[in-house]
Amino acid sequence: MIVAERKSIPDLVDILQDHKKILVLGCGTCVTVCLAGGEREVSIISSALRIASNLKNLDFEIEELTIERQCDNVFIEEAADAINRNDAVLSLGCGAGVQALAERFAKKPVYAGLDTAFIGILEDRGIWAEKCAACGACVLHQYGGICPVTRCAKQMLNGPCGGSREDRCEVRPDRPCAWQLIYHRLKDIGQLERLTEIAPPKNWEPGHGGGCRVIVREDHRI
Ligand code: SF4
Ligand code: SF4
């Protein structure tokens, strides 16, 4: 899922202070699961903005709504009436959701209420961790399904850097060494021989260096 964090209330007040009628729009998918932008967070943030408005005499009128997905025009249409009757939208979707709204409602200010962080999973209660950097040329099959691009601080593709201590990463001692995990995983699935193969230089071309990436599926364009 896409993992995001809420901006602070003072930051949101700064962003919104020139508007009166504001729609706080939640998204029911990834950011709901990571407890950043679902229905509950819409309610919490709206209440906080109302309190801030009273304290600062800002006269906010806050409307609340959550749709299933902000990155999909089919669902965005469900919010069209609410968006049109407000002066601005505070989106609690990821960066893709915010931009999808802004593209659909070209004359409406749309603001990001979240900081979109990474693609990851819930590792433990209240702990989300990055698992994929969307490099565009996945090599997980070579590493037992553990991504050295994302989970090794030095993006080592041919074995560990040698700095690991007691299974911890040298750079991030709060995290396990990715290569420790890769070794144990390959051992568990009977593929330790992969460690004797030299991985060729990774193809970074499909990564983000060349700007906005687009996937075209001709079979869906007929
Ligand atoms: S190799 Fe690339 S696409 Fe695959 S999990 Fe890692 S970052 Fe994501
Ligand atoms: S200690 Fe392990 S995870 Fe950390 S940089 Fe070195 S090889 Fe990568």
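## Two domains, an open parallel sheet and two ligand shells

The chain is divided into domain 1, which covers residues 2-118, and domain 2, which covers residues 136-209. This is a predicted model, and the description below should be read in that light. Taken over C-alpha atoms, the centres of domain 1 and domain 2 are separated by 38 Å.

Eight helices and seven strands are found in the chain. Its radius of gyration is 22 Å, well over the 17 Å that the globule rule gives for 222 residues, so the chain is more spread out than a compact globule. Along the principal axes, the C-alpha atoms fill a box of roughly 65 × 50 × 25 Å.

### The sheet and its helices

An open sheet is formed by four strands in the order β3-β2-β4-β5, and the pairing is parallel. Strands β3 (61-67) and β5 (110-112) stand at the edges with a single partner strand each, so one side of each is left without a neighbour in the sheet. On average, and with direction ignored, neighbouring strands of this sheet are turned by 25° against each other.

Strand β2 (residues 21-27) is joined to β3 by seven bridges, and the two strands run parallel; as one example of this pairing, Leu-23 has Glu-63 in β3 as its bridge partner. Helix α3 (residues 39-56) packs on the sheet, where it touches β2, β3 and β4 (88-92), and its direction makes about 170° with that of β3. Helix α6 (residues 95-104), for its part, lies across β2, β4 and β5, and it runs at about 175° to β5.

### The ligand shells

Around ligand 1 lie Cys-132, Ala-133, Ala-134, Cys-135, Cys-138, Val-139, Leu-140, Cys-147, Val-149 and Thr-150. Ligand 2 is surrounded by 14 residues, the closest of which are Cys-152, Cys-161, Ser-164, Cys-169 and Cys-177. The make-up of each shell by residue class is set out in the table.

| Shell | Nonpolar | Polar | Charged |
|---|---|---|---|
| Ligand 1 | nine residues | one residue | no residues |
| Ligand 2 | 10 residues | two residues | two residues |

The shell around ligand 1 thus holds no charged residues, whereas two charged residues belong to the shell around ligand 2. Cysteines appear in both shells, with Cys-132, Cys-135, Cys-138 and Cys-147 among the residues around ligand 1, and with Cys-152, Cys-161, Cys-169 and Cys-177 among the closest residues to ligand 2.

Conventions. Residues numbered from 1 in each chain as written. Chains lettered and ligands numbered in written order. Predicted model: local features only at pLDDT ≥ 70, side-chain atom pairs only at ≥ 80, totals over all residues. Near = placed C-beta within 6 Å. Nonpolar A, V, L, I, M, F, W, Y, C, P; charged D, E, K, R; others polar. Pairing = 2+ DSSP bridges. Axes fitted to C-alpha atoms, helices over the stretch in contact; angles between N-to-C directions. Contact = placed C-beta atoms within 7 Å. Domains from an automatic or database assignment. Rg over C-alpha atoms; globule rule 2.2 N^0.38 Å.
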